[in-house]
Amino acid sequence: MIFLLNLLISIVCVCAFDTKLYETSQQLDAKVSLHWTIDGEMLRFGLIAETTGWVGFGIAPSRQMVDSDLIIASADGDLFDDRFAKLRELPLVDTADGGTADWTKVSLEQVGDKLHVEGTRLLSTADALDVAIGGGPIACIWAMGPVSGATPQFHSEGMGVVDVEFFPVVAESSCADAPTRLRAYALPVANVVTIATFNGNVAISASETSDASAIVTELGAFDNIKSTLDDTGTLSVEQGDAAQSTPSNRAVNSTASTSSSSSTCLAADIDVALSGSVDLRAHADVGSVFVAAGTSVASSHVSTDKGEVHAKYTLAGGIKVAIDTSAREEIEFSTRIVDNVLVVGVRNVLGRYTITHAKGKKFSTKGEVTEYSTRTEKQTGMLDFG
């Protein structure tokens, strides 16, 4: 009985491509499904549309047909075109409008009453007629209609706009009352992470799962607050000021989230979990910067205008760095390896630092630095520069 049931299912479900080969799927409509995988800087996707005509799919920043970057595909005539819609009419093919064909066909097949389409596209191209695919909800447009003489006709079989999150959501704000649901996404950027916040602290900790991801927690109820992690790996929080921020209860080298005295989150703290060897840039205007032990960085630049820097991390080459400053405006502390030389740059730092050398590495200070230490393999002392 089970054998007959499985045989019946295999006969009924004739598929042009295996949807299980894709990491993520989403129903755009009852008759249209999207399947995709982010492979480095490439989007691999599959569409299944209940039509014997054509299906269109693409990126629509304005949430309408105009200004959308899309494909139109049909098994009739083996049609698969990269197009850009400038008007409410059949969009021109990119190559006929000064652009390039960046949506690439992988497979195209009519299976009964369903059209199966597979293709690829770079997340970001040099074509002015292409729209970059980044983190966050992306407005995607779809449409279906009949074909006459291999020419797509009016989308009489349906159309719509749906938000698609192509990248995995690393985490989202723990504040349910935030005016905007703030999320952070794992993006395939070169390992460069830049974090900046107006008021609140920045805490960096080690992670075993993600190379360049940011976890955003309790990013507030300020007017027009905006939090972004863009395709260069930059995480930023805009708007708000110190008067609007709840005092943080974050301890040194702790990644506990802040608390609020009411149901509205007012803190602007940022937690970042990193793995691998990254170039780290972290800045807090009002709060402090914490880098937990175990975090591995290729280079670092941590700064704060009115807070403190507390950091313990391992630099490329096995060099261990620890910083513990007293409050002083415009603190900057940077470390990097240049031609086997550890370069330490500081500005307005008044506090303690410890650097343990890896063998074969030299030590150098950049700038007019007053040192209270000797240059042995272990540097322990104070820096005062500025």
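Which residues lie nearest the centre of the second largest pocket? They are Trp54, Met65, Glu89, Pro91 and His155, among a lining of 19 residues. Before looking further, note that this is a predicted model, in which local features need pLDDT of at least 70, side-chain atom pairs count only at pLDDT 80 or more, and totals for chains, interfaces and linings use all residues. Residues are numbered from 1 along each chain as its sequence is written, and side-chain values use heavy atoms, with hydrogens and water left out.

**The chain as a whole**

One helix and 31 strands make up the secondary structure of the chain. Helices (H or I, at least four residues) and strands (E, at least two) are DSSP runs, numbered from the N terminus. Of the 386 residues, 46% are buried, where buried means under 20% relative accessible area, exposed over 50% and partly exposed in between (1.4 Å probe, protein chains only). Among contacts (heavy atoms within 4.5 Å) between residues at least 6 apart in sequence, 51% join residues at least 24 apart.

**Back to the pocket**

The second largest pocket holds about 320 Å³ of space. On a 1 Å grid over the protein atoms alone, a pocket is an open set of points where a 1.4 Å probe fits, with protein on both sides within 12 Å along at least five of seven lines; lining residues have an atom within 4 Å of a point. Its lining divides into 13 nonpolar, four polar and two charged residues; here Ala, Val, Leu, Ile, Met, Phe, Trp, Tyr, Cys and Pro count as nonpolar, Asp, Glu, Lys and Arg as charged, and the others, Gly among them, as polar. E4, strand E5 (68–74) and strand E10 (138–145) each supply at least two lining residues.

**An aromatic cluster**

The whole structure has five aromatic pairs. Rings of Phe, Tyr and Trp (its six-membered ring) pair if their centres lie within 6.5 Å; planes under 30 degrees apart count as stacked, over 60 as edge-to-face and the rest as tilted. Phe45 and Phe57 form a tilted pair, 6.4 Å centre to centre with 35° between the planes. Phe45 belongs to strand E3 (residues 42–49) and Phe57 to strand E4 (residues 54–59), twelve residues apart. Phe45 is buried, at 0% relative accessibility, and Phe57 is buried too, at 1%. The ring planes of Phe57 and Trp103 stand at 90° with centres 6.4 Å apart, so this pair is edge-to-face. Trp103 sits in the loop between strand E7 (92–93) and strand E8 (104–111), 46 residues from Phe57. Together, Phe45, Phe57 and Trp103 form one aromatic cluster.

**Nonpolar cores**

The largest nonpolar core has 31 residues, and Ile204, Val289, Val291, Phe333 and Ile355 have the most contacts inside it. A second, separate core of 30 residues includes Leu47, Ala49, Ile71 and Val117. Such a core is a set of buried Ala, Val, Leu, Ile, Met, Phe, Trp, Tyr and Cys residues joined through side-chain atoms within 4.5 Å.

**Three loop residues**

| Residue | Loop | Relative accessible area |
|---|---|---|
| Asp67 | between E4 and E5 | 38%, partly exposed |
| Ala75 | between E5 and strand E6 (79–85) | 34%, partly exposed |
| Ala150 | between strand E11 (147–148) and strand E12 (151–152) | 34%, partly exposed |

Most residues other than glycine have a negative phi. Asp67, however, has a positive phi of about 70°, and phi of Ala150 is near 65°. As for Ala75, its C-alpha atom is separated by 5.8 Å from that of Glu109, 34 residues away along the chain.

Methods
Grid points are joined across faces, edges and corners, and a volume is the space filled by probe spheres set on the points.
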